[in-house]
Amino acid sequence: MSKLSMTEYLLSSPEITDLYQRATQSQFLSLAGKGQLPPEILSQWLSQDRLYAQAYIRFAGGLISRVQLPIKVQDGETSKTLQWRILSLIQTALSGVTRELQFFEEIAKKYGLDLEALGPVAEGGNLSHKSAGFAPNKVTHDYINLFDSFAAQPRGDLFKTLLDGLVVLWTTEKAYLDSWTYAKQQASETTDTEGDLDGGALRKEFIPNWTDEQFQAFVKECQECLDAYAAEQIEDTEEVAAAGSIVLFKKVLVLEESFWPMVA
C-alpha cells in the first residue's frame with residue numbers, strides 16, 4: 001500500500017469494482033433519477049434514512065471523542081494541525097446531518113411523504129413481507145449498530161480507532177454522493193417534473209441537494225483527511241491498518257447495497 005493513499009488502496013482492491021457498482025447504481029436510484037419512483041417507496045426509504053441520520057449523530061460524537069488535539073503550541077499554528085482539521089470536518093458533518101433531518105421534515109410535509117412509512121424489509125427482495133410496525137429494518141439496524149460501535153461508552157467499542165471511523169465516514173459519504181450522482185445521470189434531457197410520480201420531490205429537491213458543490217467539497221475533505229491521517233500511522237502498523245480498513249470498507253458497501261429498497 002506504501003505507494004497508494006488509503007482511499008486509492010481501498011478503491012483499487014480486488015472485487016471492489018462490482019460491489020461498489022451494486023452499492024451505487026441500484027434500480028431504485030435509476031427510477032428516482034427518472035422521476036418514476038412511487039411515493040410510497042420513496043417514503044419507505046426516507047423513513048429508514050432518517051433513522052440512519054439520527055444514529056449518524058452519535059457516530060460523529062464518537063469520532064470527536066477519538067480526536068486528540070495537540071498539547072503543545074507550535075509557532076501559533078496549532079489550529080492548522082491535522083487533528084484540528086479532522087475536528088472541523090466532524091463538526092461540518094454534524095451540522096450537515098442535523099440540517100438534513102430538518103430538510104427531510106420540510107420536504108415530506110411539502111410533498112405528502114410519510115416519515116414513518118411501513119414497508120418491506122430491505123433484504124431478500126421479499127416485497128410481500130411487511131414490517132410489524134415502524135422501526136429500523138434489518139439493514140438500518142445493522143447500520144445503527146455499526147455507528148453505535150463508535151459511540152461513547154458504554155455502547156462503543158474501545159478497539160475502534162479514529163482511522164476506522166474516518167474510513168466509515170468517507171465510505172458512507174462517497175457512496176451517497178456517487179449514488180445520487182448516478183440517479184441524476186438517469187434523468188432525461190427535459191427538466192420538467194410535472195409527471196414525476198413523487199410530484200418532483202426527488203428531482204426538484206433531494207437530488208440537487210445530494211449532488212451540489214458543497215456536498216462534493218465535503219466528500220473531498222473526508223477523503224483528504226482520511227488519506228492524511230492514514231499516512232501518519234506508524235509504518236510497522238500500516239499493513240494491519242490497511243487490512244482493517246478494507247474490512248470496514250466492504251462492510252459499509254454491503255450495507256449500502258442492501259439499504260436501497262428492492263423495486264420491480
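What share of the 264 residues of the protein counts as buried? In this predicted model, the figure is 50%, and that is a useful number to keep in mind while the tour moves from the whole chain to single side chains.

**The whole chain**

Begin with a cartoon view of the protein, in which there are 10 helices and 0 strands, so the order from the N terminus on is simply α-α-α-α-α-α-α-α-α-α. If you turn on contacts between residues with a separation of 6 or more, 80% of them are accounted for by residues 24 or more positions apart.

**Helix α7**

Select residues 162-185, which form helix α7, a run of 24 residues that reaches 34 Å from its first C-alpha to its last, close to the 34 Å expected at 1.5 Å a residue. At the start of this helix, look at T161, whose side-chain oxygen comes to within 3.4 Å of the backbone nitrogen of L163. Colouring by accessibility shows that 20 of the 24 residues of α7 are buried, so the helix is largely enclosed by the rest of the structure.

Within α7, show the side chain of W180 next. Setting aside residues up to four places away in sequence, W180 touches F28, L29, A32, W45, L202, I207, W210, T211 and W260.

**The nonpolar core**

From W180 it is a short step to the largest nonpolar core, which has 79 residues and in which F28, L37, W45, I86, W180, L202 and F206 have the most contacts. The largest share of this core, 13 residues, is supplied by helix α5, so residues 82-111 are a sensible selection to add to the view. In soluble globular proteins, nonpolar side chains tend to be buried together.

**Helix α8 and the loop before it**

Now select 201-210, the residues of α8. Here 7 of the 10 residues are buried, so α8 too is largely enclosed by the rest of the structure; the buried ones are A201, L202, R203, E205, F206, I207 and W210. To see what covers these buried residues, display the surrounding helices, which include α3 (27-34), α4, α5, α7 and α9.

Step back into the loop between α7 and α8 and pick D196. Is D196 buried or exposed? With a relative accessible area of 7%, D196 is buried, and its side chain is joined to that of R203 by a polar contact of 2.7 Å. Leaving aside its neighbours within four places in sequence, D196 is in contact with K34, G35 and R203.

**The largest pocket**

Switch on a surface or a pocket display and find the largest pocket, which has a volume of about 510 Å³. Its lining is made of 20 residues, and G96, V97, R99, E100 and F215 are those that lie nearest its centre. At least two lining residues come from each of α4 (39-66), α5, α7, α8 and α9 (213-231), and α5 gives the most, with 8 residues.

**An enclosed cavity**

There are 3 cavities of 30 Å³ or more to look for. Which residues line the second largest cavity? Select W45, D49, Y52, Y143, Y176, E256, F259 and W260 to outline this cavity, which holds about 50 Å³ of space. The elements that give two or more residues to its lining are α4 and α10 (238-259), with α4 giving the most, 3 residues.

**Three outlying stops**

For the first stop, select H141 in helix α6 (residues 138-148), a residue that is partly exposed, with a relative accessible area of 41%. Although H141 and L51 are 90 residues apart in sequence, they are 9.0 Å apart in space, C-alpha to C-alpha.

Next, choose Q21 in helix α2, which at 41% relative accessibility also counts as partly exposed. A distance drawn between the C-alpha atoms of Q21 and A175 gives 9.6 Å, for two residues 154 residues apart along the chain.

Finish at E15, in the loop between α1 (6-11) and α2 (16-24). E15 is exposed, with a relative accessible area of 52%, and its backbone deserves a look, since E15 has a positive phi of about 60 degrees although it is not a glycine.

Methods. Residues are numbered from 1 along each chain as its sequence is written. This is a predicted model: local features need pLDDT of at least 70, side-chain atom pairs count only at pLDDT 80 or more; totals for chains, interfaces and linings use all residues. Side-chain values use heavy atoms; hydrogens and water are left out. Helices (H or I, at least four residues) and strands (E, at least two) are DSSP runs, numbered from the N terminus. The expected span of a helix is 1.5 Å times one less than its number of residues. Buried means under 20% relative accessible area, exposed over 50%, partly exposed in between (1.4 Å probe, protein chains only). A polar contact is a pair of N or O atoms within 3.5 Å; within protein, one must be able to donate a hydrogen and the other to accept it, and residues adjacent in sequence count only if both atoms are side-chain atoms. A nonpolar core is a set of buried Ala, Val, Leu, Ile, Met, Phe, Trp, Tyr and Cys residues joined through side-chain atoms within 4.5 Å. Contact means heavy atoms within 4.5 Å. On a 1 Å grid over the protein atoms alone, a cavity is a set of points where a 1.4 Å probe fits but cannot get out, and a pocket is an open set with protein on both sides within 12 Å along at least five of seven lines; lining residues have an atom within 4 Å of a point. Grid points are joined across faces, edges and corners, and a volume is the space filled by probe spheres set on the points.
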